[in-house]
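Reader: I'd like to learn how to read a model like this one, feature by feature. Could we start with the charged side chains and work outward from there?

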Amino acid sequence: MDQKRKIDRAKTGLNLYRLIEQSGKTRNEIAEYLGLESVRVIYDWTSGNKMPSLENLFNLAILFNVSMEDILTA
């Protein structure tokens with residue numbers, strides 16, 4: 001059996017940060033697209049303090065035209 005791995009929040013946050021910067025979209029546009037109340041949660045994601053929900057991760061992958069695995073880093 002393979003060894004269990006954990007998602008690296010800091011590296012995943014850095015991936016999200018880079019994808020946001022490359023997209024040219026503002027955090028406000030992304031928050032609106034995801035139906036978020038505030039952009040604060042996006043800053044929490046990119047800093048590695050929090051992880052997006054599975055639904056938000058799925059929609060971020062669609063928005064950035066990448067797979068969810070391209071966002072997540074172990």
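Author: Sure. This is a predicted model, and a good entry point is R40, which forms a salt bridge with D44, the closest N and O atoms being 3.1 Å apart.

Reader: Where do R40 and D44 sit relative to each other along the chain?

Author: Both belong to helix α3, four residues apart, about one turn of the helix. Helix α3 itself covers residues 40-46.

Reader: What else does D44 pair with in a salt bridge?

Author: K50. The side chains of K50 and D44 meet at 3.9 Å, N to O. A salt bridge is counted when a side-chain nitrogen of Lys or Arg is within 4 Å of a carboxyl oxygen of Asp or Glu, so the K50 pair qualifies. Put the two pairs together and R40, D44 and K50 are linked in a network of salt bridges.

Reader: Is D44 buried or exposed?

Author: Buried means under 20% relative accessible area. D44 has 10%, so it counts as buried. Its two partners are partly exposed: R40 has a relative accessible area of 49%, and K50 has 43%. As for neighbours, leaving out residues up to four places away in sequence, D44 touches N49 and K50.

Reader: How many salt bridges does a search of the whole structure find?

Author: Three. Besides the R40 and K50 pairs with D44, E21 forms one with R27, where the closest N and O atoms are 3.1 Å apart. Here E21 is partly exposed because its relative accessibility is 42%, while R27 is buried at 14%.

Reader: Let's move to helices. How do I read which side of a helix faces inward?

Author: List the buried residues, then see how they are arranged around the axis. In α4, which spans residues 54-64, the buried ones are N56, L57, L60, A61 and F64. They cover an arc of only 140 degrees around the axis, so they lie on the same side of α4. On the other side, L54 and E55 are exposed.

Reader: What covers the buried residues of α4?

Author: The cover includes α1 (9-23), α2 (27-34), α3 and α5 (68-71).

Reader: And what does the backbone do just after α4?

Author: N65 takes a positive phi there, about 60 degrees.

Reader: Which residues form a nonpolar patch on the surface?

Author: Y33, F58 and I62, with about 310 Å² of accessible area together. F58 is in α4 and, at 47% relative accessibility, counts as partly exposed.

Reader: Now zoom out. What elements does the chain contain?

Author: Five helices and zero strands, so to speak an α-α-α-α-α run from the N terminus on.

Reader: How do I judge the overall shape?

Author: Compare the radius of gyration with what a compact globule would give. For 74 residues that would be near 11 Å, and the chain has 12 Å, which agrees. The C-alpha trace spans about 40 × 25 × 20 Å along its principal axes.

Reader: How much of the chain is buried, and how far apart in sequence are its contacts?

Author: Buried residues make up 30% of the 74. Among contacts between residues at least 6 apart in sequence, 58% join residues at least 24 apart. On the outside, the accessible surface comes to about 5300 Å², of which 48% belongs to carbon and sulfur atoms.

How values were computed
Residues numbered from 1 in each chain as written. Predicted model: local features only at pLDDT ≥ 70, side-chain atom pairs only at ≥ 80, totals over all residues. Heavy atoms only, no water. Patch = residues over 30% accessible without salt bridge, like charges linked within 9 Å, V, L, I, M, F, W, Y side chains within 5 Å. Areas by Shrake-Rupley, 256 points an atom, 1.4 Å probe, with all protein chains shown as cover. Helix = DSSP H or I, 4+ residues; strand = E, 2+ residues; numbered from the N terminus. Buried < 20%, exposed > 50% of the residue type's maximum accessible area, 1.4 Å probe, protein only. Contact = heavy atoms within 4.5 Å. Rg over C-alpha atoms; globule rule 2.2 N^0.38 Å. Arc of directions from axis to C-beta.
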